[in-house]
Structure formats: C-alpha cells, structure tokens
Amino acid sequence: MTEAASRPTLEAVAARAGVSRATVSRVVNGGDGVREPLAERVRRAVEELGYVPNQAARSLVTRRHDAVAVVIAEPEARVFADPFFALQLRGISKELTAHDNQLVLLLTEGRADHARVARYLAGGHVDGALVFSLHLDDPLPGLIRDAGVPTVFGGRPGWGEDTRAADPGVVYVDCDNRGGARAAVRHLLGLGRRRVAHLTGALDQTSAVDRLDGYRDAMAEAPGAGDPRLVVESDFTPSGGERAMRELLERCPDVDAVFAANDLTALGALRVLRESGRRVPEDVAVIGFDDMLPVTEQADPPLTTVRQDIEGMGRLMARLLLRGLAGGRERAAAGAAGAPAAGTILPTTLIRRASA
C-alpha cells in the first residue's frame with residue numbers, strides 16, 4: 001500500500017514540468033499538438049520522477065493496449081517440447097519488444113479452450129493476434145474473425161468449409177514447403193537412390209500436405225521410382241518418426257533413402273535405422289526439414305535438412321501485424337478503406353551434412 005501510494009502521479013509530473021495535466025497526458029500517450037520545448041520539459045520530469053503510465057488509463061485514452069496475443073493451436077506438452085515453437089516465439093518476442101509491446105501466450109489443449117481464447121480476444125485485452133500451428137478442422141480462424149481482432153497467421157491458410165475463415169485477403173507468413181521438399185527429394189535421387197520414402201507430418205496441417213506434394217512432384221520426375229508404400233504418415237514428433245520408420249521397414253525393407261517431414265521426425269527415424277543395423281548414409285540416406293539447431297548438428301550423423309528461417313518467420317509475422325495496426329489507425333483517422341492483405345512465402349535452402 002505504501003509503495004503504491006508513493007508512486008508519482010500525472011499531476012506530480014505536471015507540477016514538476018510546470019504544465020497542465022492534459023499536456024502531460026498528450027506527451028505520455030504519444031499525442032500531437034505539444035510544442036517541443038514543453039514536450040521536452042515533460043519528458044525530463046517523467047525521467048526525474050520515475051513516472052510509469054497506468055496502462056489501463058492509457059488504453060482508455062489511446063484505445064491501444066500495446067499487447068499482442070500469440071495463439072498456438074497445440075497443447076502445452078507439444079509446445080514446450082518442440083524447439084520449433086521456441087524459435088518462432090523468440091522471433092515474435094524480439095519484434096514485439098523492439099516496439100514496446102507485450103506478448104500474451106494462449107495455448108489450446110482441446111476444444112474447450114477454443115471458446116476461452118475467443119472470449120479473451122473479443123474482450124479487448126489485446127490489439128491483435130498472431131496464430132499458428134492450425135489444423136484443418138480448427139474452429140479458431142472463424143472464432144477469431146468473429147471476434148474482430150486484427151490477425152496474422154503462421155502457415156498457408158487451408159481451413160476447409162468454414163466460410164467464416166475462408167477470407168482471400170487473410171495475412172499469413174509461410175515458407176516454401178513444397179519447393180523445399182522437392183529440393184530434398186531431388187537431392188536424394190541425384191545421389192542415385194531410387195527407393196526414396198517419405199515420413200509425413202500431421203496431414204491435417206497444410207505444411208505437411210505441401211511437403212508431401214513436393215515429395216510427389218520430385219518422385220514423378222524419376223520414372224519407376226514411385227511406390228505408394230513408401231509414404232508413411234507421421235506427426236512431426238520423434239516418437240511418431242520412430243513408429244513410421246518401423247512401419248516403413250516392414251513394408252519396404254529395401255528402402256535406401258528417407259525424406260522426413262521435419263527434423264524431429266528424422267531423429268526418430270535415425271534411432272530406428274541404427275537399431276535395425278542400417279548405416280546412415282551408406283545404407284539409407286536421411287533428410288529432414290526445418291534446420292533446428294542444435295537438433296540437426298547433434299544428430300547421429302549430423303542431419304542434412306531443408307532450412308527455413310523459423311525465427312525470421314516469427315519476426316515477420318509480428319512486423320506485419322504491427323504495421324497493419326499502425327496503418328489501420330491512420331486509415332481510420334483519414335476515413336479510408338484498408339488495403340488488401342496478402343500472404344508471404346519465405347524461401348528455403350537445402351543444408352548438406354553427413355546424413356545424405
């Protein structure tokens with residue numbers, strides 16, 4: 001109580017600077033119309049007194065919260081075990097911090113959480129949302145659209161029949177999943193491998209579908225190389241990679257190369273190949289996707305993979321959202337319509353190491 005009572009007030013800053021309370025409020029909240037000498041006196045008084053604006057009161061004036069929700073459509077156990085999410089969150093956090101915005105993390109353990117997240121977003125607690133790792137039957141895009149919250153999505157949209165979410169102007173950031181997969185499989189074929197298998201990701205996510213399509217594109221270029229038994233469904237996890245690799249060896253014991261949908265799936269595959277007595281890459285070459293350090297370099301052997309800039313993707317998502325929010329405020333002030341949104345596809349690169 002004593003600490004709260006002793007905090008400097010807006011009135012104290014005004015008295016120190018010799019200006020009105022309204023002038024201090026305009027300077028603190030980034031408003032216009034204050035001559036620079038007066039503004040400098042206010043800023044000096046703020047620094048001398050250690051004044052910290054009340055965020056709730058400031059939001060009433062500016063209609064901004066300086067907070068962004070990051071919604072990951074995955075349970076906690078998956079988010080905190082997969083380094084992909086840590087990298088993307090790091091990129092988002094860096095960009096938001098650079099613009100003095102707070103990150104509010106929201107996870108969805110199951111269907112019951114969707115309504116909770118939608119209520120929070122509609123409640124006016126944040127200025128916008130960054131949403132990723134969506135699944136094809138996920139109701140979140142429609143719920144978020146109904147909440148009226150400016151949003152940038154991570155990953156190519158692909159939300160089936162939910163017409164509330166099927167907005168052609170949606171803003172999203174993704175990597176070239178299909179092109180990266182093609183490059184990986186072409187590399188394996190170029191090594192002389194002909195029994196090239198694919199361990200997919202979770203096929204209710206567009207990234208996994210695009211990587212499967214890229215695999216099929218490349219295999220179609222090698223006459224006689226395609227065999228539907230060489231495609232085994234997995235789920236982007238090491239345990240899923242182990243299960244899929246065991247199934248693959250039972251189906252096709254003569255497999256000589258594996259393209260895994262991500263690095264964690266590839267790690268599971270490497271374990272099973274080692275247990276089965278197969279040498280990598282002599283007997284079976286392996287390529288992953290993501291290039292998540294130190295996962296790829298500590299693999300045995302170090303993993304050839306397709307690099308996407310995961311952290312950069314997070315930063316770009318945040319940058320696009322903040323730019324859209326700033327532009328929206330300017331357009332609202334001018335009474336103009338918003339510009340159409342768009343998707344951004346980032347390039348991928350094949351990184352060669354010892355596994356292929």
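Buried here means under 20% relative accessible area, and that cut-off is worth keeping in mind for the views below, all taken from a predicted model.

**View 1. Phe84 meets Phe85 edge-to-face.** With 17% relative accessibility, Phe84 falls under the 20% limit and so counts as buried. Its partner Phe85 is buried too, at a relative accessible area of 2%. The ring centres of Phe84 and Phe85 lie 5.7 Å apart and the planes stand at 90 degrees, so this pair goes down as edge-to-face.

**View 2. Phe85 stacks with Phe132.** Here the centre-to-centre distance is 6.2 Å, with 20 degrees between the planes. The pair ties together distant parts of the chain, 47 residues apart: Phe85 belongs to helix H7 (residues 83-98), while Phe132 belongs to strand E3 (residues 128-132). Phe132 is buried, at 2% relative accessibility.

**View 3. The Phe84, Phe85 and Phe132 cluster.** Put the ring pairs together and these three residues join into a cluster. How many aromatic pairs turn up in a search of the whole structure? The search comes back with two.

**View 4. Arg211 over Phe289.** Now for a charge and a ring: the charged end of Arg211 sits over the ring of Phe289. The distance to the ring centre is 3.8 Å.

**View 5. Cysteines Cys175 and Cys252.** Are these two residues buried or exposed? Cys175 is buried, with 4% relative accessible area, and Cys252 is buried as well, at 1%. As for disulfides, counting cysteine sulfur pairs within 2.5 Å gives zero.

Note on methods:
Residues numbered from 1 in each chain as written. Predicted model: local features only at pLDDT ≥ 70, side-chain atom pairs only at ≥ 80, totals over all residues. Heavy atoms only, no water. Buried < 20%, exposed > 50% of the residue type's maximum accessible area, 1.4 Å probe, protein only. Phe/Tyr/Trp six-rings, centres within 6.5 Å; stacked < 30°, edge-to-face > 60°. Helix = DSSP H or I, 4+ residues; strand = E, 2+ residues; numbered from the N terminus. Lys NZ or Arg CZ within 6 Å of the ring centre and 35° of its normal.
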